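This report goes through a few local features of one protein chain, for a reader who has not seen it before. Please look over the sequence and the structure first.

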Amino acid sequence: MLTIVISTHREGRVMAVGSEQRRLERRPPVEEQFAAQHVEAALDLLHLVDMAWHDCYGPGELEVPAAVLDDVLLLADGDVIALIRLACAAVSDFRDVRVAADARRDARRDR
């Protein structure tokens, strides 16, 4: 299964990035947060999130933006059930997830 993502280079050229490449890039942060037995499931879910994002936000949005993904992973904190709920919330309206993630970041800075 290959999902094509288009990203722009500095020179204005376009490069296709497949879902397998995204999976490889996402693996390290997912492995840092999730138990070994949940890593593949978390990566599968993130693939579904990309498809849902594309369906909701149109042909120019082929993957969940990196900032939204960072927010989701931060808030999930290694919990697969939380990851599922946060992924759904992010696709529906990522602004709520952003507010919660920013509050978590602020709380960590204040410690």
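In which helix do W53 and Y57 lie, and how many residues apart are they? Both are in helix α2, four residues apart, which is about one turn of the helix. The model described here is a predicted one.

## Aromatic residues

The count of aromatic pairs comes to two. In the pair of W53 and Y57, the ring centres are 4.3 Å apart and the planes stand at 35°. The pair counts as tilted because stacked planes would be under 30 degrees apart and edge-to-face planes over 60. The two residues differ in exposure class: W53 is buried, with a relative accessible area of 3%, whereas Y57 is partly exposed at 32%.

The other pair joins W53 to F94, with ring centres 5.9 Å apart and planes at 50°, so this pair is tilted. W53 belongs to helix α2 and F94 to helix α4, so the contact ties together parts that are 41 residues apart in sequence. F94 has a relative accessibility of 29% and counts as partly exposed. W53, Y57 and F94 form one aromatic cluster.

## The largest cavity

How many cavities of 30 Å³ or more does a search of the whole structure find? The search finds two. The largest has a volume of about 50 Å³.

Its lining is made up of S19, R22, R23, R26, L43, L46, H47 and D50. The elements that give two or more residues to this lining are α1, which spans 19-33, and α2, which spans 39-57. Sorted by class, the lining has four charged residues, two polar ones and two nonpolar ones.

## The second largest cavity

The second largest cavity has a volume of about 40 Å³. The residues that line it are L46, V49, V64, V68, L69, V72, A87 and A90. Two or more lining residues come from each of α2, α3 (66-76) and α4 (80-110).

Which element gives the most to this lining? The answer is α3, with three residues. By class, the lining has eight nonpolar residues, no polar ones and no charged ones. L46 appears in the lining of the largest cavity and also in that of the second largest.

## The loop at D77

D77 sits in the loop between α3 and α4. Is this residue buried or exposed? D77 is exposed, because its relative accessible area of 53% is over the 50% cut-off.

The backbone at D77 has a positive phi of about 50°, although the residue is not a glycine. As a general rule, most residues other than glycine have a negative phi.

## P29 in the first helix

P29 is found in helix α1. At 33% relative accessibility, P29 counts as partly exposed, because that class lies between the 20% and 50% cut-offs.

What separates the C-alpha atoms of P29 and L73? The distance between them is 8.4 Å, while the two residues are 44 residues apart along the chain.

## Summary

W53 of helix α2 takes part in a tilted pair with Y57 and in another with F94. Four charged residues are in the lining of the largest cavity, while the lining of the second largest has no charged residues. D77, in the loop between α3 and α4, has a positive phi.

Definitions and conventions
Residues numbered from 1 in each chain as written. Predicted model: local features only at pLDDT ≥ 70, side-chain atom pairs only at ≥ 80, totals over all residues. Heavy atoms only, no water. 1 Å grid on protein atoms, 1.4 Å probe; cavity = no way out; pocket = protein on both sides within 12 Å on 5 of 7 lines; lining within 4 Å. Points joined across faces, edges and corners; volume = space filled by probe spheres on them. Nonpolar A, V, L, I, M, F, W, Y, C, P; charged D, E, K, R; others polar. Buried < 20%, exposed > 50% of the residue type's maximum accessible area, 1.4 Å probe, protein only. Phe/Tyr/Trp six-rings, centres within 6.5 Å; stacked < 30°, edge-to-face > 60°.
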